[in-house]
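Me: Could you take a close look at one part of this structure with me? I would like one connected walk through a sheet and the residues around it.

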Amino acid sequence: ILNWNGDGVSCYFIALVEGNGNEFQIDTVTVTGEDSVPPPNTHTLVGSDDARVDIVDVLPAISVDKTANPTSVLEGAGEQVVFTVKIFNTSIADPLEITMLDDDIYGDLNTLVPGGDIIANGCNGIVGTVIPLGGDISCSFTAVVDGPGGSLQTDTVTAYGVDDEDP
């Protein structure tokens, strides 16, 4: 029972709000009651209010791990090395779509075809793959590696991706 002098009652509830970045949810609460005048003069009272919760976009996050097998080759032998690329979706909110996989020596791994130093490419067609939240995907390609004794070949792969809010 509320008195006419402006007393009020407060309550709260906790609800899960989900959605994509740049969206929002509106929650409306409606309260109904009756005044204390005896029937038939009783009046029904209704009041409502809403609250808006904006959903903030979280940028996608990606990490890449690349390994070589074997990790050393004989000079002048032109040996085959299998490079394995593992791409991780480290985002805290969204799946991640791969848009490009680029190797600084061998080029675009999505379209690289065998020939020359490339023996096989299991990374063809990886663009467009969606990695679920917390997931990963792997691919491998085989290339001939050669060089003078004592030299070092550093080979870096960069993966690019977008989440479901990106154009």
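Reply: Happy to. A polar contact here is a pair of N or O atoms within 3.5 Å, where one atom must be able to donate a hydrogen and the other to accept it. Please keep in mind that this is a predicted model.

Let's use that term straight away on Asn 121. Its side chain makes a polar contact with the side chain of Asn 124, at 3.0 Å. The Asn 121 side chain also reaches the backbone oxygen of Leu 112, at 2.8 Å. Asn 121 counts as buried because its relative accessible area is 13%, and the cut-off for buried is under 20%. Beyond its neighbours within four places in sequence, Asn 121 is in contact with Leu 109, Leu 112, Pro 114, Ser 140 and Phe 141.

Now for the strand that holds this residue. Asn 121 belongs to β7, which covers residues 118-121. β7 is part of an open sheet of four strands, arranged in the order β3-β4-β9-β7 with antiparallel pairing. β3 (62-69) and β7 are the edge strands; each has a single partner, so one side of each is left without a neighbour in the sheet. From one strand to the next, the twist averages 20°. As background, strands of a sheet pair through backbone hydrogen bonds, either parallel or antiparallel.

Further into the strand order, β4 and β9 run antiparallel and are joined by 10 bridges. One place to find this pairing on your screen is Gln 80, which stands opposite Val 144 in β9.

β4 and β9 also lead us to the largest nonpolar core, which has 19 residues. Phe 83, Val 85, Ile 87, Leu 101, Tyr 106, Leu 109 and Phe 141 touch the most other members of this core. The elements that give two or more residues to the core are β4 (79-89), β5 (96-103), β9 (136-145) and β10 (157-162). Two of these core residues, Leu 109 and Phe 141, are already familiar as contacts of Asn 121.

Ile 87 is another good residue to click on. Leaving out neighbours within four places in sequence, Ile 87 has contacts that include Ile 62, Ser 63, Ile 98, Leu 101, Ile 126, Ile 131, Asp 136, Ile 137 and Ala 159. Leu 101 in that list is itself among the core residues that touch the most other members.

Key. Residues numbered from 1 in each chain as written. Predicted model: local features only at pLDDT ≥ 70, side-chain atom pairs only at ≥ 80, totals over all residues. Heavy atoms only, no water. Core = buried A, V, L, I, M, F, W, Y, C linked by side-chain atoms within 4.5 Å. Buried < 20%, exposed > 50% of the residue type's maximum accessible area, 1.4 Å probe, protein only. Contact = heavy atoms within 4.5 Å. Pairing = 2+ DSSP bridges. Axes fitted to C-alpha atoms, helices over the stretch in contact; angles between N-to-C directions.
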